[in-house]
Structures are given as C-alpha cells and as structure tokens.
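Colleague: I would like to learn how to read a structure of this kind, one feature at a time. Could we look at it together?

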Amino acid sequence: MNKEHGRTAVRSIVGLVGVAVGAMLPLAAAHAAEKVKVGLMLPYTGTYAALGTAITNGFKQYVAEQGGMLAGREVEYFVVDDESNPAKATENANKLVKRDEVDVLVGTVHSGVALAMAKVARDSKTLMIIPNAGADELTGPLCAPNVFRTSFTNWQPAYAMGKVAAERGHKTAVTLTWKYAAGEQAVNGFADAFKGAGGKVLKQLTLPFPGVEFQPYLTEIASLKPDAVYVFFAGGGAVKFVKDYDAAGLKSSIPLYSSGFLTDGTLGAMGGAGEGLLTALQYADGLDVAKDKDFRSAYAASYKMQPDVYAVQGYDAAQLLKSGLDAVKTGKLEQGAMIKAMESATIDSPRGAFTLSKAHNPVQDIYLRKAEGEENKVVGVAAGKLADPARGCRM
Amino acid sequence: MNPTTQSRVAMIFKLAVLAGVIAFPVFGSAFYTEMVAKVLVLAIFAMSLDLLVGFTGLVSLGHAAYFGIAAYAVALATPKYDPANLWVVFPLAVLAAALAAFFIGLFVLRTKGIYFIMVTLAFAQMAYYIFHDTPLGGGSDGIYVNFKPDATIAGWTPFDLNEPLQLYYIVVLALVAVFAFLSLVLRSPFGRVLVGIRSNEHRMQSLGYATFRYKLAAFTLAGALAGVAGFLYAVLFGFVTPEYLSWHQSGNVLMMVILGGMGNLGGAVLGAFAFIGLQELFSDWTKHWQLLMGGVIVAAVLFMPGGLSALPRRILKVVNGERGNG
Amino acid sequence: MDFTTFLIQILNALQYGLLLFLVASGLTLVFGIMGIINLAHGSFYMIGAYLAFALTSMTGNLMLSIALGIPLAFAFGALLEWLLFAHLYKRDHLEQVLLTYGLILIFEELRSITMGDDVHGVDIPAMFSASIPLSDTLSYPVYRILISVVCLALAGGLWWLMQRTRLGMMIRAGSHDRDMVQSLGIDINLLYRTVFALGVALAALAGMLAAPISSVYPGMGGSVLIISFVIVVIGGIGSVWGALLAALLIGFADTFGKVLVPDLAGLVVYLVMAAVLLWRPEGIFRKG
C-alpha cells in the first residue's frame, strides 16, 4: 500500500512540475524583454535625505516618461541608503556592484562617499553616473572612462560667480567657507575668475567643518572692508550664515555672492534674510527653456512638489544612461559602445541642453540668479557653456 | 556544569566558529566573503579595545584614532603608480598607531574615571581634525590606497593581496594570531597585573607596582593592535577617510565589546559579528534602523550585563536553578 | 587687527562662551551630583531647538514657546530619569556611556521620523531683532546681547540655588553622601530626579535660545556634545564656576584661534584642554 502511495505521489509531483514548466514557458518567452540593472546609492536619511529623494524622483520621472523602460529595456532598481557616511561607502557600493551585480551605479550627493564609489566603479569596471557630488577630482585627477557626471564641479558655479563679481566692478574680495574639500575647490574657482579679471582676493577665510559660529569671521570681514564677499555654505550652515550676515548689518554694506547651494531650498528657513542675494548655479527658477516648463509641470504632477536642481540632475542621469543604452540596442551591455555614445551625447536637460567634456563633466550655462521670496529667479547667464578645466585628468 | 567542562565547551565552540570562518569562502559569494573579512578585521579592532576596557578597566572612547592613523599610514605610504611593500608598510602603520597611542597615553592616563573617558574622546577628535583639515591627510574627501601592498620579499612573493581569497585568509590568519597573542599576554604576569589594576588600582600600587607604566604599556599595545586592524581595513577597502577616526567609530567598537561581553576575547569577536549582523538585519527592515540599534544597545546594557558571551552561563544558571529547586 | 575689531572680537568670545556655559552647566551638574556620564546631552540641546521650532510654528511667539518649553523639557527629563537613568547609578561608567550612546541614536531617529530631515529657521522676536551699529560696516544683533544677559542671569541663579537654598543644600549633601542624606529622611530618588530634570531643562533652554541664531537641523547635537565635554573636563566635574570659567576660556580660545591661527582653528580647543590637563588633571575647580 505504501509503495503505491509513494509511486502515486511521485507521479503527481512530476505531473505538477511538468504542468508548471509548460505554463511558464510562454511567460518566460514574454519576459525575455531585456533588463538594465540600475544601482541607486544615495542618501535617504540624514541631512541630505531630501536631495537623495529629489535625485531619485528625477531619475524615475524620466524613466516614466519613456514608458517605464529605457531604450526598450526594463529598469530594475537596486537601492542602497549611503547615509552620507564615507566610512561605509565602499561596502555599500560593493553591495550594488558585487552582490546585486548592477549594470550602472548612480550616486551620490556627498563627495567623500562618491570618491569611495568611484574607486569601486573603476576597480570593477562598472559604469557610474554621478548625479550630484561636485568633487573636482572625480572628473579631474581621478577621472575614468566609465565615470560620468551630470551635475557640476565645485569649481564651475564658483568660477561663474567670480566672473560676475569682477564684471560688477568689484576690485577686492574676501572668501569664507568651511575647511573641507568642496569649500576649498569652490573658493579656488571663484579666485580663478576674480583674479583672472584683475581682482584681488584679500583673504581666504576658513572655519572648521561643520562649525556654525560665524561671528569672529563677520567681524574680520568688516574690518577688512572688501568690495565683495564670496562664501560657500550649504544646508543648516547656509541658513545660519545668511541670517548672521544680515543681522551684523553686512548685507547692506558689503555685497554677498555664492554658489547657488547657499540659497537653494534654504530661503524659507532664512526668513527673508536672504532676499535679493545673487548666486550662480547651473539651474534656476523661471528659466525660459521649453523642456524645463514641461519637466516642472510633469514633476509637480507626479510628486506634488516643485523640482530643484537635484531632481534635474537625476533626470539627466537617466537621459545620459539612455543615450548609452541606445547604442547597444539588444543583447549584452557592451560598455565600450555605451561610453562612446554617452561621451558624444547632447542631453536635452531642463537646465538647457548640455554636452559632456572630455573628462565626462557637463559643459553648461551657469545662470545668475536673484533670491525673490522662496525662489531663485534667473536674471542672466553668469558664464555660458562653461567647462571645468579638468586639471590632472589623463583621458 | 563544572568549570572544566564549561571551558571545554567554550573551546569547542570557538574552534567550530573558526572552522566555519575558514570554510566560508567555499559556500559564500564573493560579496559576503568580503563582508566576513570586514567583520574579522573589526573583531581584531574590538579585541584590542577589550584589552583596555575589559581587562585593564580603562574605558577609552577614542580608540578609533589609532585605527584611523594606521589606515592613513597605508594610504600615505602607497605611491601613486606602484604598490608599497607590505613588509615596510605594515610595520610602519602599526608603529604609527603605537606611537600615537604612547604619546596620547602619556596625557590621558594622568586622568581617571569620567575624565579619562572624555579626554580619550577629545584627543581622538584632535587626530580627526588633523586628517580632516590639514593637507597631511589629503583632506575631508578621503584618499585612495592606490594599490594593495605587495608581499614580495627578496624576489619571492608568498601571497598576493589582490586575490580576494588570499586576502581573506591573511585576515583570518591575522585574527588567529592576534587572538593567540592576546591570550598569551593576558595569561602572563603582565596580564595579571592589568586585571589587578582593573579590580583595585590602589591595592596594586600598595603592592609595589608602578601602575602608570603598566597602564601606558596596555594603552600602547591596544593602540598597536588597533593599528593592525586599521592596516587591514585600508588594504581591504582601498579607501581611507577621516571618518575612520570619528567618535562614532569609537562608539561602534565599544558597542561591539559590550555586546559580546567584556573581559573575554572570544566575546569581542562575537560582539563584532553580532553588531554588524544586527546592523545589516535592521538596515534591511527599515531606513530608520538606528532606532532599532539604539534600542538594542539600551536593552543590552539594562538586561544583559556581561553581553552575549555570558548568555549561555546565565541560561544554564536558570535551567540548573530550576532543576535544583524542583 | 585694530582696536575696535579687537573689542568686538572680545564681545563675540564672551557671547559664545556664555552660550556654551548654558549648555555645559547641565552636563556638569548631572556629572558632579549624580556621577553619571551622559552622552545624550547634545540630544537635549537638539530637542530644545526643535521644540522651539515646533512651538513657535504653532504659537508664533518665541518667548511664549520658551516659557512653554522649559516645563516640558523639565518633565521630559524627569520621565527619562525615572525610566532609564535611575538604573544607572549603580552601574559603571562604561555602561552609562553605552546606554546614553544608544539614546543618541534613538533620539536622532525619532527626530527624523517626527520632524523630518529638513533645515528649519526660527524667527527672532520682533522686539529683539534690531542690531546695534558698532563700526561703519558692522552691527551687533541685540538678540545676541540678550542671550548673554540671560546666560549670566542663569549662572547667578544656579549659584543662588546651590548655595542659598534648601534644595541646593540637599543637592550638595546628596552628592557627598547619598545614604546619609537618605537616612535624614530626604527622598534621595526625588532629589536626583529633580537634578537630572534640571540638567535636561538647561540644555534644552540653551537650544531654544540659540534656535533663532543657529539653524535647526539634523545632527546639531553632535558638535555641542563634544565641546560640552571639553568644558566640563577643563572646569572640573560638578563645579558650576568651573564650567563658567572653562566656557569663557573656550569661547576666547576658539574665537581668537579662528582669527589668529585659522589653519589650526579646529585643534585649538583640544590643545587648550591638553594644556590644562597637564597642569591640573582633574580640571581647574575639581569638586571636593
């Protein structure tokens, strides 16, 4: 009796398996649609969480506009929260590259984290697109054929600001920023343009990162009496600095200039202290670019909020990826062909169309913006088609 | 269970874990093998701190400084286009960490109790700022270890650190070596003096021991071993950032020690596995995983004095106790 | 630098030091009286700032928010002591360090869940929003002067509390000999709870006062924590005078360090601490 049960059981199982396989075959054929595995490594917690979310939203917005696929391939997302923590960056990147075996790594916001990611990308020869981190060296001494950027170098908006400051007739300037790489690179960019136009940087002040006790520096700036002040701050520090600068009466006596990060998303918290500030950035509110108008209304409809420069950079990262995928139609993702296509792509960005430099960084217009209410309205082009000099890049 | 049986069980358990670790690359993927290697390196880091905290009674909240200094030594000693020689850069890194520990120890060991905890933290912050702010460390973004060190000596290359499997087994070897070394040290007269200092320093002093020297020696040794961990970490990941010296890193390693149970080298290893394991588990559940982690730490302190390694003993006590009273 | 600038920098140093004192005073009280090391102290500062933000958003008035916030913080401190810290008195320092480190993680995440990760600003009340011109380019915000005055008043108030009231007497006695005080019929548990709640309230008050001139953002507790530690170490655990002196010393060292040796500015505070420790390993005014 038991033997019979056993045989019946085996036959039933074989039968079931057969039916199941038979049923799956047509499904398998249908799902033979190609995939592209996108690894998103961005901050979803901590100070930069809003930026990570905006970049992700922008990226997905583009994919949605393409009907949920990029160049006929289904996009499979793998997401890692990098927490803006450089100490865990390498392992987090490895999660995507070695564990999930993504085809492209997209990230991140914090430059220290991006640096670790870029090393993983280079060592594993994974394609990488940087949708924000502005560390000059990533498209400079550490540039690589498989590393691209759709955002900016710290140098670019700062250089543009320096150009404007000189054009406005200022002869002397003092700079102030945190003592960290991004600040140093920005100040150097400003100085390049300002000094190049005959201006003089009286002093380059720095304070320990991430300190927000600015009073001693405001006092020193006041005693130096420069024609202009250039600063590089972001986030909480930006809000505090602008409020302190205003409360110290300096806003009305010495004009303040900065890269756009000072006033992007922070004007509300400044409570009016930032009104009228001129900043330079590759994006602005009120741009007269058709693509921007479409992008803004679509984004607002999808996400119930206005996009910012980070969303644009994420959107453009998806565009850049698509340009690469277009070159490999179907089959295996041949990196050489993808890179070639991406290098020569023109990205139809909401910020205005841009191309990539030889070091894989955007060659783009940097806009001059003025803070009005909670917006940074475009008032002109600070520097047109500006390319980062990519010093030290051997590509 | 009598003590001999207890220690035999513990030994069997440790050997089983070691066997598992040695056999892991056969079963695990390349990614998870690297993750286990990371845990093993952190276990070395935890053991070095356990020497201070668990055995000598010195609660250091700045131990990451020596870890980070060794890591930076590797990165700074590696040329741009060639690998550095392992037999040069390894002693260099460990020596750098040991020297830093010695000099900082001269300062901090003058204080006791709460003061000691805080000044170790403050000196670690100083080291952090040196690497973060000055050109010495290459700045806040961090720097690469351009190439993994080359193990060639007199023309013969015993192993290649670029091969993940070989690197893994070097890490395992390092763990076993540090474990054995510390076990010997702790069993020696020197080690016994340290334990004596932990239970009652005045008594040791009245017995004629120059406790300051012993504490300084322990502090320096712990720093050197943290340097071994820092060296391996830099080689494993190829990237060094000032965050390796942050007080969060110091706090994490302290948590590993208490999670596993202080005064117990095996406990430190267990703690490293438990800490990273919980971190990975919680991160998979929620992005607010630090809430869960914080909860575990609070619960561990309140309800698990003695850590995980004391758990079997406590469970046995409960079990035997019930049997005894029944 | 010229004389006017020098004077203004002194003013900056004083104001910064006084605010630091306010934050550190709670820490030294809890340390000194109850012997507990509390890493979550920076979190209380953060909680104060976020409380100011939340309450001001609701009431529109910072002064009212502070008036509401102080008792709230006090109650929160008492609750926390009853729930967790009461268990720590008999534990060793390591366990205190770890438990309070775990608390930091919990508070940060709770803050993230309830209030989000955005940066917020708090408006200075209209009557204090003016600035006094000090030179032809520089003005000094009235609000900062107000903060300095408040901190000084609090320093005086704390001194009066500790030296001239029965509660202060009990607190000082309780820190010397817990059992004796208990045998005298004084409820030591309630006493400790009061002191802890006071420490939390002081830190939260510092956060509330500073909120308009700093921004309210994730991780703001971290840097405050470490510098509070340095102040308590330099000043001597348990000494309110020591905390005031040390805070002023740090205020001056930090301010003039930034101006005179900018490349080493981040290290100056720790170098000062190292120097003090060489001279007096238990702080300037060690207790007892």
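Colleague: How many salt bridges are counted between domain 1 of chain A and domain 2 of chain A?

Modeller: Please keep in mind from the start that this is a predicted model. To read a boundary between domains, one can look for pairs of opposite charge, and here the count between domain 1 of chain A and domain 2 of chain A is zero salt bridges, although three residue pairs in polar contact, both at pLDDT 80 or more, are found between these two domains.

Colleague: Which parts of chain A belong to each domain?

Modeller: Domain 1 of chain A is written in two pieces, 34–152 and 289–360, while domain 2 of chain A covers 155–281. Taken over C-alpha atoms, the centres of these two domains of chain A lie 30 Å apart, and their contact involves seven residues from domain 1 and seven residues from domain 2.

Colleague: What area is buried between domain 1 of chain A and domain 2 of chain A, and which residues of domain 1 lose the most?

Modeller: The buried area between the two domains of chain A is about 650 Å², with carbon and sulfur atoms giving 55% of it. On the side of domain 1 of chain A, the residues that lose the most area to domain 2 are A:Asp136, A:Phe152 and A:Val309, which together account for 65% of what that side buries. Sorted by class, that side of domain 1 of chain A has four nonpolar, one polar and two charged residues.

Colleague: How many helices and strands does chain A have, and what box do its C-alpha atoms fill?

Modeller: Chain A has 13 helices and 15 strands, and its C-alpha atoms, taken along the principal axes, fill a box of roughly 100 × 40 × 40 Å. Of the 395 residues in chain A, 60% are buried. Contacts can also be read by separation in sequence: among those in chain A between residues at least 6 apart, 68% join residues at least 24 apart.

Colleague: Let us turn to a single residue. Is C:Val30 buried or exposed?

Modeller: C:Val30 counts as buried because its relative accessible area is 4%, whereas the cut-off for buried is under 20%. This residue sits in helix H1 of chain C, which spans residues 3–34. Leaving aside residues up to four places away in sequence, C:Val30 touches C:Gly35, C:Ile36, C:Val195, C:Phe196 and C:Gly199. One of these partners, C:Phe196, is 166 residues from C:Val30 along the chain, yet 5.9 Å separate their C-alpha atoms.

Colleague: How many residues does each chain bring to the contact of chain C and chain B, and what area is buried there?

Modeller: Chain C brings 43 residues and chain B brings 40, and the area buried between them is about 3900 Å², of which 82% comes from carbon and sulfur atoms. Within the area that chain C buries against chain B, C:Leu94, C:Leu98 and C:Tyr101 supply 17%, more than any other three residues.

Colleague: Which elements of chain C give two or more residues to the side that touches chain B?

Modeller: They are helix H4 (93–115), helix H9 (220–235) and helix H11 (265–279) of chain C, and H4(C) provides the largest share of that side, 16 residues. By class, the side of chain C that touches chain B divides into 30 nonpolar, nine polar and four charged residues. As for specific pairs, zero salt bridges are counted between chain C and chain B, while four residue pairs in polar contact, both at pLDDT 80 or more, are found across this interface.

Terms used. Residues numbered from 1 in each chain as written. Chains lettered and ligands numbered in written order. Predicted model: local features only at pLDDT ≥ 70, side-chain atom pairs only at ≥ 80, totals over all residues. Heavy atoms only, no water. Domains from an automatic or database assignment. Contact = heavy atoms within 4.5 Å. Buried area = accessible area lost by both parts, 1.4 Å probe. Salt bridge = Lys/Arg side-chain N within 4 Å of Asp/Glu carboxyl O. Polar contact = N/O pair within 3.5 Å; in protein donor to acceptor, adjacent residues only side chain to side chain. Nonpolar A, V, L, I, M, F, W, Y, C, P; charged D, E, K, R; others polar. Helix = DSSP H or I, 4+ residues; strand = E, 2+ residues; numbered from the N terminus. Buried < 20%, exposed > 50% of the residue type's maximum accessible area, 1.4 Å probe, protein only.
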